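The following paragraphs lead through a structure, beginning with one of its sheets and ending with its enclosed spaces. Please keep the sequence and the coordinates at hand while reading.

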There are 2 protein chains.
Amino acid sequence: MTSSSADPSTLARQLPAGVLVTDPDILAGYRHDRAFDPDAAVPLAVVRATSTADVQTALRWAHENRVPVVPRGAGTSLSGGSGGLAGGIVLSTEKMRDITIDPATRTAVAGPGLLNAEVKAAAADHGLWYPPDPSSFEICSIGGNAATNAGGLCCVKYGVTSDYVLGLEVVLADGTAVRLGGPRLKDVAGLSLTKLFVGSEGTLGVITEVTLRLIPPQPPASTMVATFGSVEAAAAAVIAITATLRPAMLEFMDRTTINAVEDALRMDLDRGAEAMLIARSDAPGPAAAHEIEVMVRACRDAGAHDVFDTADPDEGEAFTAARRMAIPAVERLGSLLLEDVGVPLPMLPALVAGVAEIADLNAVTVAVIAHAGDGNTHPLIVYDPADEKMTERAHVAFGQIMDLAIDLGGTITGEHGVGRLKKPWLPAQVGPDVMALTRLIKNALDPRSILNPGAVL
Amino acid sequence: MTSSSADPSTLARQLPAGVLVTDPDILAGYRHDRAFDPDAAVPLAVVRATSTADVQTALRWAHENRVPVVPRGAGTSLSGGSGGLAGGIVLSTEKMRDITIDPATRTAVAGPGLLNAEVKAAAADHGLWYPPDPSSFEICSIGGNAATNAGGLCCVKYGVTSDYVLGLEVVLADGTAVRLGGPRLKDVAGLSLTKLFVGSEGTLGVITEVTLRLIPPQPPASTMVATFGSVEAAAAAVIAITATLRPAMLEFMDRTTINAVEDALRMDLDRGAEAMLIARSDAPGPAAAHEIEVMVRACRDAGAHDVFDTADPDEGEAFTAARRMAIPAVERLGSLLLEDVGVPLPMLPALVAGVAEIADLNAVTVAVIAHAGDGNTHPLIVYDPADEKMTERAHVAFGQIMDLAIDLGGTITGEHGVGRLKKPWLPAQVGPDVMALTRLIKNALDPRSILNPGAVL
């Protein structure tokens, strides 16, 4: 598609001093993102842009010289969307970190390199809240969040990143910078281009500024925890709860995860339970107690073994922390391949049962956690990278779980993106006509295919 | 761009009997939408599609013969997006009216011809709620809502149509039918094509099925009404309220509107007030009283003359009805040109003041109502169509108000769409680069420019 015989020193001369980096020690740090794709390569150079102008300069040069460009925020992609390409440049926005909060319009204008947690903190300084909360919120960038339409734990009530992006500045493949949308809560003038760029994983342009909707702060939450003898019972409770109210969080852990977390935290979780739900209500004032009561009843009606609830935020936070601990806890068992498959809620038991079969078949451990209220699950495939055959089996399981999700009417990715790791499965999910439509748009916007080639498409 | 020498009888033969209509009496009914654009024309023929296959047949024929196609739902466009074109066909989806509700996944799959109110009713039959509520909800179609990304009164808390569209079936210009998204609450597999088609006003494809997110039912709402001696005071109250909580409704009427509504309803509104706010809280249980209290205090602090509140849904409904009555009430004063401009909230007083100046300058009456919490306003320009000079002045004012909104950092349309009426102002809002980007996408998807030519672009 693209090839490079271009000398990056010709680009270095067009950029401020130090923006283009070719030091091999530094370049090595831009090979991988958190997907640790073995096919990722050390790039030719890294551009650590300090401004939109730097991004434009880099893209104009890359466009002219047909050099592949991998846009990168904080490099926390779990789907290999921001790993380096041989002969390509990595265009990092990590140094573009300005933020302005306007309390009157309840909006933030942020540089793409700011971390999600930093956006939350800046909003909180003005008594406002930026809800989307990927588990990696302390280390992932807001630009990357927008590029992947990142999700999180509170999405079940508050929606995903796309719901909060009111505007973008984007640099197109040829270096043109465009402003899409803006600090207007409702705006339907022209095509929904802002929404198209959100989730485009760097394949259509590079995000250089994000305008975000902020909302009033979240009231303190009450928490409910329930354990179940079967995944079916837990899924029934989830369906009953979400038909009645909108919990502020509704998380699921399977038996393997419960035991891994208990090994790590020793907080007296029920090791014999097949499933555990952790739910929160942040309804204002006494309404939270009412919502918790409804959720407790739904769990009991579904046959929960144990149900516990607390209005104490710290006590509740311990269980949220347990859920957030799930991935590191399971990671103690070995290296992880992290799935992100989603299914319609009634298919949750079929998915969990199918995942168990796939685990058996391939003789690997798979722990399942889920943002249950959304039907978005993270089967965690555990393997030993030193064991070549097991590694191979883990990768087979990785594909089989996506095949299963597609068969159940689901998606291969609910919030992490397609990146390079899941690209082979995208056509099976969306079909040839949608792939053709996607290519029409990609070709129109990036005719030389320099933007994140190999990701998504 | 497009021209037609094609004989619609060649298309009629490919469609089920009665689907293609050329009866002049019937065709006349498809000339106008509710924008009553004088430039709209009686179409060559109307296709009243009964299935996706009918839509595909019509588009294949139109594509082959380069015949312009105006997609149309219920024909309630206020921006002239669905008026007839000479030599073109109108492709109506009014007869595609199936609906299936799945309570477990909280989704509806609806034909585009179903009315918004019918979708709400079908959801309610399963104890669920479809929030978006354009004022025309009893007569507008869900397909048209998706095509224009329609808003409404509850959007300030619950978001716009796009926030509820999980999936679409769309027929592209060449007749290819694609399925985008689906009944999955989180799905980031591939480009956000669903979101691109929402709000594309029939310029990229024809929507033949909509998959909608439903949520648990809205609790009964409490209501607050406040009157103010100045628009500035009312705007200050709006900013104070929205910084603290998310009202379920937050509507604004200016003095002209208050008087028109009082003339119509005789409900003892304060005719001397410069501004009136109507706000609702649907927080569960006792939390509503708390939210109303906060809003009442914000209004008093901003200098409200009178503040009234009620937890009685019927009493509150009378004020919501008054707000819904605003357009018909003002319509008693003459014909209306209906604006849909939005501004960042702090610019609301400047917009209202500027609109008053424009009204004076052009010797026309302009009443202003607004979804104040969103900064989305509807200046209603009153004129006598029998008075040619006044009609001309009204159209001058129509343009000047959009110019003003753009100058204030706002948008020419918050929820009605660009259509044909506002097309001349779009480039001034978004700029030449965004127009070029829009054309790249339009040309890629509709290279023969048969889809709703003259709308938006």
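Two strands are taken to pair if DSSP finds at least two bridges between them. The model discussed here is predicted, and with that in mind the sheet of chain B can be taken strand by strand.

In chain B, four strands make up an open sheet with mixed pairing, and their order is β1-β2-β4-β3. Because β1 (20–21) and β3 (69–72) of chain B each have a single partner strand, they stand at the edges, and one side of each is left without a neighbour in the sheet. For β3(B), strand β4 (residues 89–92) of chain B is a parallel partner, the two being joined over four bridges; within this part of the sheet, R72(B) has S92(B), in β4(B), as its bridge partner. Across β2 (45–48), β3 and β4 of chain B lies helix α3 (residues 52–65) of the same chain, which runs at about 160° to β4(B).

Turning to chain A, an unreviewed UniProt entry places the feature "domain: FAD-binding PCMH-type" at residues 39–217. Over residues 39–217 of chain A, helix accounts for 22% of the chain and strand for 22%, while the C-alpha atoms at the two ends are 43 Å apart.

Which residues lie closest to the centre of the largest cavity? The structure holds five cavities of 30 Å³ or more, and the largest cavity contains about 90 Å³ of space. Among the 14 residues that line the largest cavity, R106(A), L185(A), R213(A), V156(B) and R246(B) are the closest to its centre. The lining of this largest cavity is made up of eight nonpolar, two polar and four charged residues.

Notes
Residues numbered from 1 in each chain as written. Chains lettered and ligands numbered in written order. Predicted model: local features only at pLDDT ≥ 70, side-chain atom pairs only at ≥ 80, totals over all residues. Heavy atoms only, no water. UniProt positions renumbered as here; feature names shortened; annotations may be inferred. 1 Å grid on protein atoms, 1.4 Å probe; cavity = no way out; pocket = protein on both sides within 12 Å on 5 of 7 lines; lining within 4 Å. Points joined across faces, edges and corners; volume = space filled by probe spheres on them. Nonpolar A, V, L, I, M, F, W, Y, C, P; charged D, E, K, R; others polar. Contact = heavy atoms within 4.5 Å. Axes fitted to C-alpha atoms, helices over the stretch in contact; angles between N-to-C directions.
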